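Trainee: I've got this model open and would like to work through it piece by piece. Where do we begin?

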Amino acid sequence: MNNFQYIRSSGLRDFCGEKMVVEQFINEKIQQIHHYISAVILHQIHYTELDKFVTDTMEEWTFFQVADDMPSNARERVFWHVIHEIMLNGAQSLDTNLYFKSEITTCLDFFQGTGSYPIDCVGWRPV
């Protein structure tokens, strides 16, 4: 089993506990989505793995009883922006749409602290 399959298959068990807070969930998912997106861009994994990760992340999010759609910080806003953009465009667009790839790469740079807040970033929590 490769690392990406492990992340996806173990994620639900890790995040269902009551001790897990939203901030921890988001921080963990930021790290994971960064790895997935980078691997898709480098052609290390098939883009469908990223699509599956996004779907699984949305499913895991339903276990949280969050009524507020306003993210708590800029990193979370960018995270939800990336999730929604991948859901809208599909991970395959990272190969076929240079503008989309650039937008997502800007978000990854922001996550790493090497870039500024992405222009036109609108990230809302799903409720």
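Trainee: How far apart are the end C-alpha atoms of α2?

Mentor: Helix α2 covers residues 22-41, with helices taken as DSSP runs of H or I of at least four residues (strands: E, at least two), numbered from the N terminus. The expected span is 1.5 Å times one less than the number of residues, so the 20 residues of α2 should span 28 Å. That agrees with the end C-alpha atoms of α2, which are separated by 28 Å.

Trainee: Before we go on, what kind of model is this?

Mentor: Residues are numbered from 1 along each chain as its sequence is written, and side-chain values use heavy atoms, with hydrogens and water left out. Local features need pLDDT of at least 70, side-chain atom pairs count only at pLDDT 80 or more, and totals for chains, interfaces and linings use all residues, since this is a predicted model.

Trainee: Just after α2, which residue takes a positive phi of about 60°?

Mentor: Most residues other than glycine have a negative phi. The one you're after sits in the loop between α2 and α3, and at 57% relative accessibility it counts as exposed (exposed is over 50% relative accessible area, buried under 20%, partly exposed in between, with a 1.4 Å probe and protein chains only). It isn't a glycine, yet has that positive phi: H43.

Trainee: And D120, what is its phi, and is D120 buried or exposed?

Mentor: D120 lies in the segment after α6. D120 is not a glycine, but its phi is positive, about 60°. Its relative accessible area is 63%, so D120 is exposed.

Trainee: Back to α2: is α2 oblique or antiparallel to α6?

Mentor: Their axes are 11 Å apart and meet at an angle of about 140°; axes are lines fitted to C-alpha atoms, for helices over the stretch in contact, with angles from 0 to 180 degrees between N-to-C directions. Under 35 degrees is roughly parallel, over 145 roughly antiparallel, 65 to 115 roughly perpendicular, and the rest oblique. The α2 and α6 pair is therefore oblique.

Trainee: Which residues of α6 make the contact with α2?

Mentor: Contact means heavy atoms within 4.5 Å. From α2 come I30, I33, H34, I37, S38 and I41. Facing them from α6 are K101, I104, T105, L108, F111 and Q112.

Trainee: Now α4 and α6: at what angle do they cross?

Mentor: Helix α4 is residues 74-89 and helix α6 is residues 98-112, and their axes come within 10 Å. The pair is roughly antiparallel, since the crossing angle is roughly 155°.

Trainee: How many residues in that contact of α4 with α6 are nonpolar?

Mentor: Among the contact residues are V78, F79 and V82 of α4, with F100, I104 and F110 of α6. Ala, Val, Leu, Ile, Met, Phe, Trp, Tyr, Cys and Pro count as nonpolar, Asp, Glu, Lys and Arg as charged, and the others, Gly among them, as polar. The contact has 3 charged and 2 polar residues, and the nonpolar ones number 10.

Trainee: Last one: what separates the C-alpha atoms of L50 and A91?

Mentor: L50 belongs to helix α3 and, at 0% relative accessibility, counts as buried. Leaving aside residues up to four places away in sequence, L50 touches I33, Y36, I37, V40, I86, A91 and L94. L50 and A91 are 41 residues apart along the chain, but their C-alpha separation is 6.3 Å.
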